[in-house]
Amino acid sequence: MLMLPEIIVVVTAMAVLVADLFLTERLRMGVTWLSLAGLAVAAGAVFATPMNGSMFGGQFVVDAVGWWFKLFFVISGFFTVLLSMDLLHGRTTCRMRGIGSPGEYYTVLLFTISGMMYLVSARDMVLLYVSLELATIPLFALAAWRREDIRSGEAGLKYVIVGALASAFILYGLGLIYGLTGQISLDAARVLKGSPAFWFAAAMLTAGIGFKLTLVPFHLWAADVFEGAPMPITAYLSVASKGTGLAFMFQLFFRMMGGWVHDWALMIALFAAVTMTLGNCVAIVQHNIKRFMAFSAISHAGVFIMGFLGPHDYGVPAMLFYLLAYIASTLALFAGIVWYSNETGRETIRDYRGLSRTNPLMALAMMLALFSLAGIPPLSGFVGKFFLFSVAAGAGFHWLVGIAAVNSTIALYNYLRIVREMYIEPVHEDGPAAPASWSLSITTAVLTTALVLLGIIPFFYNAINGSTIAWLSAVLPH
Amino acid sequence: MIASAIYTVLFYAIAAGTILLALAVVNTRKLLRAAVALMGALSTTAGLYAMLDAQFLAGVQVLVYVGGIVVLIVFAIMLTRSGELLEDNPTLKRKLVGAVISIGFLVSSVGAVWGSPFAIASAGKAPANDALMIGKALLDYGPGGFVVPFEVISLLLLAAMLGGIVIARKTPPTGQPFTSGGDLPGEAEVYHPLSQRDDETGGRAS
């Protein structure tokens, strides 16, 4: 059954909600096990589903790209639960006020994952829009989860307002396209002739995607929301939310407006160049690690959309592989950040000084993750960036590749700031952090191994490439 | 002939009313007045739906938006005792920038819609719609049905409700050790102290 992974995630969410009612405080940990088990089974179910097929008369379709996206979403959800559990169950040295309600937290988190999974299976505007909202509206609440911290409330409020604005743009665009075609099917719009209303709708949809994917100039919400949200949610926003934005862009730019994607290559290239450059340049002056990661996420959004340029058959697997590498690297880094914040409450880059002496393994893992994000060979981030750069070069955007290379250097400087604090500066005078809990240790170990292996062993790229290389030709029949 | 003339006059009257009421929503400084103007704007929108032969939608619009959401907003205004906007009057520069952006958006959207062929408009008549058909389509699991989005919306509502309850809940749940913190060194500088909250509630307590 094709919808099995989604059903497992939703049923797990409901089970967590009900179990939370009956579990005593001592057994409250059970909701975490339930969520982890549910997500692990859902990942297995994704593996078991075939890479093509449809249900409900074409309302719900699985294809190769959707299959990979679903796998990535479930994986990011699984590790986000692992990152969250210490904080939610109060097993941290630095106690954090106002974060609690683990049952509701996991339920809402699981619902957002199911929304992302429905998003990639949608074939009409109604399901596309509704599942996008299911993937984002609960995130507003998660960002504001630290109830007694005004920064968290601010993050939630800003996210609500910006999210509503983005939804308005998307609805306006979808409404115009529906008016032009008279059909809600995403495929119907591909035969449209260019008309002023179509261009206007395309602009609205691009703006909406820009908000979701934090493209410059629609990125202004990211830093404040990332800073205010609870740390595991910041991690979740930077991977899963980015994946959702990318999946949404796949749906709109390839499936819905695929006929014009060549005409818009220059615009996409400009967005990519501006987004990368601004993200990296502003990250230079950030001191708070969460704000720093927000601008790092913004600059990576610029790298992602390079896959929409040029000979598209190669762009699709390149973007998917980079998403996988980005998820592994970012979550591995966030495991270290969450651990340090849990144990010491420190959140600025300066606070990481001397980490290599007090916690050498954690520092090593974080360094590998940072180098992968910066794109140092042979780590996975380098391989992913290499494929995306070659897509852009193949499309003739050599100037963009030049800008991207300069940006990689700036990014390397940014990430080396953290490495320098960890390896060169003297140890923090307030004493070392306690060793990481088992959950964070496992997360760090697994993800660090993954980010190294993804870069060295070609199997993973081959698997993605083999199944999705023909995807675009099937979506866009010539 | 007369019928169509009346229809046209009615349309422009309702359209002008919608625009004026919408302007009133954003221009008044009294929240309650804004809510009432919003109620009017939503009602006139229902009128537009009715004129487009979408009677069911018009009914739902009145029931849900006018009857439900605006009443909820009025409740929220009354309960929070914040009758007026706390924000300063916008400066001339902000007004100008806002006006330029909104007029630009208006011009470009009208210009875009003006010269474009809309499939539904050129078909000449509104698609058939009655409550029975809408209800069937909503739960239809075949082609052209909407059962999947229908179920996804139900999940969305549940998730939004849960999130809303957790954020709005006044007292923290009992027995959670990390909700009573604040006595550990280093916490005060990392996390904002409760002083802001105390300021708000202090007035009421004394």
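Select chain B and consider its contacts: among those with a separation of 6 or more, 50% join residues 24 or more positions apart. The model is a predicted one. Chain B has 206 residues, of which 12% count as buried. Colour the chain by secondary structure, and 9 helices and 0 strands appear. From the N terminus on, the elements run α-α-α-α-α-α-α-α-α.

Next, colour chain B by domain. Domain 1 covers residues 7-85, and domain 2 covers residues 130-169. The centres of these two domains of chain B, taken over C-alpha atoms, are separated by 24 Å.

Keep chain B visible and move to chain A. Select A:Leu127, which is found in helix α5 (residues 125-143) of chain A. Is A:Leu127 buried or exposed? A:Leu127 is buried, because 25 other C-beta atoms lie within 10 Å, and a count of 20 or more is enough for that class. Display its contacts, leaving aside neighbours within four places in sequence. Within chain A, they include A:Gln59, A:Tyr118 and A:Ala122. In chain B, A:Leu127 is in contact with B:Val148, B:Pro149 and B:Val152. Add A:Gly115 to the selection: this residue is 12 residues from A:Leu127 along the chain, and the C-alpha atoms of the two are separated by 9.9 Å.

Now select residues 265-283 and 289-304 of chain A, which are helices α10 and α11. Their axes are 7 Å apart, and the helices pack at an angle of about 160°. How are α10(A) and α11(A) oriented to each other? They are roughly antiparallel, because the angle is over 145 degrees. The crossing of α10(A) past α11(A) is left-handed. To view the contact, show the side chains of A:Ala272, A:Met276 and A:Val282, which are among the residues contributed by α10(A). On the α11(A) side, the residues include A:Phe292, A:Phe295 and A:Ile298. The residues of this contact divide into 9 nonpolar, 6 polar and no charged.

Finally, select A:Ile349, in the loop between α12 (312-344) and α13 (355-358) of chain A. A:Ile349 counts as partly exposed because it has 19 C-beta neighbours inside 10 Å. Not counting residues up to four places away in sequence, A:Ile349 touches A:His287, A:Ile289, A:Phe292, A:Arg417, A:Ile418 and A:Glu421. One of these, A:Phe292, also belongs to the contact of α10(A) with α11(A). To end the tour, add A:Phe140, which is 209 residues from A:Ile349 along the chain. The C-alpha atoms of A:Phe140 and A:Ile349 are separated by 26 Å.

Key:
Residues numbered from 1 in each chain as written. Chains lettered and ligands numbered in written order. Predicted model: local features only at pLDDT ≥ 70, side-chain atom pairs only at ≥ 80, totals over all residues. Domains from an automatic or database assignment. Helix = DSSP H or I, 4+ residues; strand = E, 2+ residues; numbered from the N terminus. Contact = placed C-beta atoms within 7 Å. Axes fitted to C-alpha atoms, helices over the stretch in contact; angles between N-to-C directions. Parallel < 35°, antiparallel > 145°, perpendicular 65-115°, else oblique. Left-handed = near helix turned anticlockwise from the far one by under 90°. Nonpolar A, V, L, I, M, F, W, Y, C, P; charged D, E, K, R; others polar.
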